[in-house]
Amino acid sequence: MTRRSCAIYVVGIICASLLVVGIGLVVAQVFRDFMHNRLKKEIVLVEGSRVFETWKNPPPPVYMEYFFFNVTNVEEFLQGKKPVVTQVGPYTYREYRYRDNVTMVENGTMVSAYNIKSFVFLREKSVGDPAVDSITTVNIPAWAVMNKVKGSFIKATLVSMWMNSLKSNFFTTRTVDELLWGYEDPLLARIAPSNPGVETVFGLMYKKNGSDNGEFVFHTGQQNYLDYGRVKTWQGQSQLTFWSTNESNSILGSDGSAFHPLLDMNERIYIYTPDLCRTIYMDFEKEVEVKGIPAYRFTPPRSVLASKEENPDNEGFCVTPKECLGTGLLKVSPCRKGAPVVASFPHFYLAEDKYVNAIGGMFPKREHHQTYLDLNPTTGVIVRANKRAQINILINRVSGFPKTRDLNDTIFPVMFLNESVVIDDASAARLQKLLLIVNLVSNFPLIIVGLGGIMLFVFIILVVRARQQETSAEDDTSYSAVNVKEKDDPQNGTYIGLTPKIDTQA
């Protein structure tokens, strides 16, 4: 066997081995499963894990933008006409968040923590000075008190007298700072001495700067990676008590800051949000890319805030059978001390047209008012997010208050917020490096198959060239006996001699 033949055999054996091994590994998905198991073990909420420190102190900057609706025709509205508002904002704050009092509980299978948030105003990202700019809007304390006493003629009459003497009207003009962080309301100050539970100060973000919203207990994800970051209890409760059905009171999913790895675009993700006093869900919308990182976009569908007629599962969110609002709204008064507060998406995005048309100045647009999460499907890391919600007040005729007799039932917008985050460059670089390692290891069998394919190409070339050389040798050589005598020579035996082939046409 010549050296060339040995080379062909060796290349053929290597080619076959690489292809068989590579295809076998691809089919068995050994390396992919290996990396997935590593991710499941490392993405857990325990000391020393890859994600624990960033979970406690998230590095990406979070911004909170506040937009207010300034009422331009108060007197006309009080006479029964359509209200008109203009949007003012944003007033932007840098949101600093961290988890305090982090404690491993239940033999290390759970972790408890308090989510602390604080806000610092950013003038360069805002339209004006919140200490100077004034907004005319609904007098929320007055409407809250009116709704609280509307069942009692005596109390309603007394409150009506106080409102007249204190000049506490249905609408008020306050600075942005006062509306957000609080001001002493004269009506609340008058009521507080006889009602110990009543705060004299009101603000949409009152006591929310540098505070927490209660203790959370989370699953670590050690026992099941699908439970990573899932809320077990909030303020010691595994079920809420605000709503009328067990399904509506369920606490499901995460708190919106952590999601399990290996996400599937067909799954529905659940988030418990104390601001809405309920669990919401999000569905996959599309694939996106943020700073070179692939992500799945999840967003709340219309069914989340749909009416009970459109989505019967939402019937439990009706405060009473007569207080079921239409699609796009959620009355959260059960967890707001009875105040007639209604939540929606900004500008009544995804709500029924009647709510949009009832207010002059509402222009719902998907790109400005949609809530969404962009999650890297391999790690579950949030690479971009926008949480948008609007605070409204239900205004209607209130028994015992004659001045409300000309009012139409109106869901009146007060303010909407946009809480946004985009992964920072340092975190993006670390995530890209991790994804590169995962992809290389997971696709290693394909590399083996690729090498096998190259070796197969080399093997084919060697075989073809060998065949061509054999054919060329046969064409250049003929076989004949030298002469009869030599052919029959008993001493020399019978043999064949090689002579050049003679061209008979020459």
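**Exercise 1. In this predicted model, decide whether N376 is buried or exposed, and describe its surroundings.**

Solution. Start with the accessibility: N376 has a relative accessibility of 0%. Buried means under 20%, so N376 counts as buried. Next, find its place in the fold: N376 sits in the loop that joins β15 (372-375) to β16 (382-395). Finally, list the contacts, leaving out residues up to four places away in sequence: N376 touches L263, I293, P294, A295, V381, V383, L431 and L435.

**Exercise 2. Work out how many residues of helix α5 (residues 140-149) are buried, and name them.**

Solution. Go through the helix with the same cut-off, under 20% relative accessible area. Of the 10 residues in α5, 8 are buried, and the helix is mostly covered. Now put names to them: I140, P141, A142, W143, V145, M146, N147 and V149 are the buried residues of α5.

**Exercise 3. Find how many cavities of 30 Å³ or more the model holds, then characterise the lining of the largest cavity.**

Solution. Begin with the search itself: rolling a probe the size of a water molecule over the atoms shows where empty space is left. Here the count comes to 1 cavity of 30 Å³ or more. Its volume is next: the largest cavity holds about 140 Å³ of space. Then look at the walls: 17 residues line the largest cavity, and N314, F317, L325, L329 and L330 lie nearest its centre. Sort the lining by class to get 10 nonpolar, 3 polar and 4 charged residues. To finish, ask which element gives the largest share of this lining: strand β13 (residues 329-331) does, with 3 residues.

Notes:
Residues numbered from 1 in each chain as written. Predicted model: local features only at pLDDT ≥ 70, side-chain atom pairs only at ≥ 80, totals over all residues. Heavy atoms only, no water. 1 Å grid on protein atoms, 1.4 Å probe; cavity = no way out; pocket = protein on both sides within 12 Å on 5 of 7 lines; lining within 4 Å. Points joined across faces, edges and corners; volume = space filled by probe spheres on them. Helix = DSSP H or I, 4+ residues; strand = E, 2+ residues; numbered from the N terminus. Nonpolar A, V, L, I, M, F, W, Y, C, P; charged D, E, K, R; others polar. Buried < 20%, exposed > 50% of the residue type's maximum accessible area, 1.4 Å probe, protein only. Contact = heavy atoms within 4.5 Å.
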